[in-house]
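User: Hey, got a minute to walk me through this model? I'd like to go over the helix packing and the DNA contacts.

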Amino acid sequence: MSSMRDRMNRLRGESTKVDIVAEETNIEFKSLAEPDQAEHPDRLSPGWAAFGVELATNETGSFLRRVTRYPMDYRHGLHALQELYAAAPGLAAFHPSEQSAAEQILFLDLETTGLGVGAGNVPFMVGIGYMSKGHFVIEQTLIRHPAEERAMLMYLAEKLQQFSFLSTYNGKTFDWPLVESRFIMNGLGRKMWEPKHLDFLHPARSIWRNTLVSCKLSHVEEERLGIERVDDVPGSLAPQLYFQYLADGNPAPLEGVFKHNETDMLSLASLAIRFGHLLNGNIEAYIPLPDEPEEMVRTGLWLERMGRKELPSQLFDLFMSIQHSKPSTLVKLAARDKKAGNWGRAVLLWQKAIIHSPTHFGPAAHEASIELAMYYEHKLKNYDSALSYVNTAFEHALHQSSLFRADTKRKAELEALRNRIARLRRKALKTI
DNA sequence: ATCACAGCGGAGACTATGGA
DNA sequence: TCCATAGTCTCCGCTGTGAT
């Protein structure tokens, strides 16, 4: 096995910190560099070896495979891969009552011939990543024609059984249903593995939906994980490059697809580390604290939804120490405090939301005014203070409706405010 | 005792978005 | 092109409160 490693690294013509090696497996490997196998009908055409691709065969047939092993101290952006060991237990929050360890997680990313999930969409490349013997191993399999799909899937099916968590980006919707349907199409049975999903698209959206222009993996990794892709082939180009290979048999353009898929896998691991740290409560120890106020609040709210109710106070306190925040963010945290019965801070946040929108009395300031009016009316029975907040909201609403066409919603809003004012006036008069 | 209203929370409809 | 997910919005019923 080590001679294979030496050979592959020689073929790469460089000594890198990343080894491309053949893993221990029941798959029989053949290599171009083996002269006695060069005549084999299933031999590999010359171009593949340049980027570490080997021929793999099993009882069902053959396919191509590329294995890349990263040492634990390898840094992909802000995070080193070894952090996954510490971070992984936190990811159990995705599946309460489960325990999670780094070695149980399988990272998966497909390259397919399209975006559909119907029978016409075929995964021509399957990338999997996992922790093994002190390395992060990335295995990428590729089929040269549809007849190789079954062998590749058989190999994948065998691998899956070793893991209990499946980590993807939008894999609940895209990757995994597609894999399942390909298993069925190839007669390999249904529900052969029921993974506990760790789909990072959704937490990414929860946290960054308003602070990043897009929650695409490539954007999140660049903006928040410190990852810069150089000469990356976009995923959307993968089908074209594969069809080009099918047409001319030249594997060279597929190297970019392998690299793209490999980077996706490393970024998935980085995201797992980031979210794992957060869920473990290692907020300051491991990650740069978000400098966007909204991100702090959204991160805190996400941690609460994930059942880590004790963790967000640090983020919320930090948020409170910031001088200027968007009124909409202030109101968001206030709503959470109101629900939790934390009235003191809720009132403070609503007041801040109004103060921070002196010139443009927007929807957040409007909401804050109404909330404060409710608070003063029902909690403190201070009808005069309640009235002053409603009056402010009413004046602005009136001004708005004079600027814009008063639709039914706006009219109903004004009517509700009038009713509220009338009621508060009655109550205020009674208490004199 | 009865009624009206406000507020709240749950259910369901709707929408935007990511994956190649 | 499709669809799971989460966020938003709307509707409805329940509860508490205050007025009659």
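User: Which residues in α3 meet which ones in α4?
Analyst: From α3 you have Glu149, Leu153, Leu156, Ala157 and Leu160, and they meet Trp176, Val179, Arg182 and Phe183 in α4. Contact here means heavy atoms within 4.5 Å. Helices (H or I, at least four residues) and strands (E, at least two) are DSSP runs, numbered from the N terminus.

User: How do the residues of that contact divide by class?
Analyst: The contact of α3 with α4 has seven nonpolar residues, no polar ones and two charged ones. Ala, Val, Leu, Ile, Met, Phe, Trp, Tyr, Cys and Pro count as nonpolar, Asp, Glu, Lys and Arg as charged, and the others, Gly among them, as polar.

User: Before we go on, what kind of model is this, and how is it numbered?
Analyst: It's a predicted model, where local features need pLDDT of at least 70 and side-chain atom pairs count only at pLDDT 80 or more, while totals for chains, interfaces and linings use all residues. Residues are numbered from 1 along each chain as its sequence is written, chains are lettered from A and ligands numbered from 1 in the order in which they are written, and side-chain values use heavy atoms, with hydrogens and water left out.

User: OK, back to helices. At what angle do α3 and α4 pack?
Analyst: Helix α3 (residues 149-160) and helix α4 (residues 175-185) pack at about 120°, and their axes are 10 Å apart. Axes are lines fitted to C-alpha atoms, for helices over the stretch in contact, and angles run from 0 to 180 degrees between N-to-C directions. The two helices, α3 and α4, are therefore oblique to each other. For the cut-offs, angles under 35 degrees count as roughly parallel, over 145 as roughly antiparallel, 65 to 115 as roughly perpendicular and the rest as oblique.

User: And α12 with α13, what's the angle there?
Analyst: About 160°, with the axes of α12 (residues 327-340) and α13 (residues 343-355) 8 Å apart. That makes α12 roughly antiparallel to α13.

User: Which residues make that contact?
Analyst: On the α12 side they include Pro327, Leu330, Val331 and Leu333, and on the α13 side they include Trp343, Leu349 and Trp350. By class, the contact of α12 with α13 has 10 nonpolar, no polar and five charged residues.

User: Switching to DNA. Which residues come nearest to strand B?
Analyst: Glu111, Leu115, Arg205, Arg420 and Arg423 come nearest, of 25 residues around DNA strand B. A residue is near a strand if one of its heavy atoms lies within 4 Å of it. Sugar and phosphate make up 63% of the atoms of DNA strand B that come within 4 Å of the protein.

User: What do Glu111 and Arg420 touch?
Analyst: An N or O atom in the Glu111 side chain is 2.6 Å from a sugar or linking oxygen of DNA strand B. Arg420 has a polar side-chain atom 2.7 Å from a phosphate oxygen of DNA strand B.

User: Which element gives the most to that surface?
Analyst: That's β7, with four residues in the surface near DNA strand B.

User: What about strand C, which residues come nearest there?
Analyst: Lys172, Thr173, His202, Ser206 and Arg305, of 10 residues around DNA strand C. Sugar and phosphate account for 80% of the atoms of DNA strand C that come within 4 Å of the protein.

User: Where do Arg305 and Lys381 sit relative to the phosphates?
Analyst: A polar side-chain atom of Arg305 lies 2.8 Å from a phosphate oxygen of DNA strand C. For Lys381, a polar side-chain atom lies 3.3 Å from a phosphate oxygen of DNA strand C.

Definitions and conventions
Polar contact = N/O pair within 3.5 Å; in protein donor to acceptor, adjacent residues only side chain to side chain.
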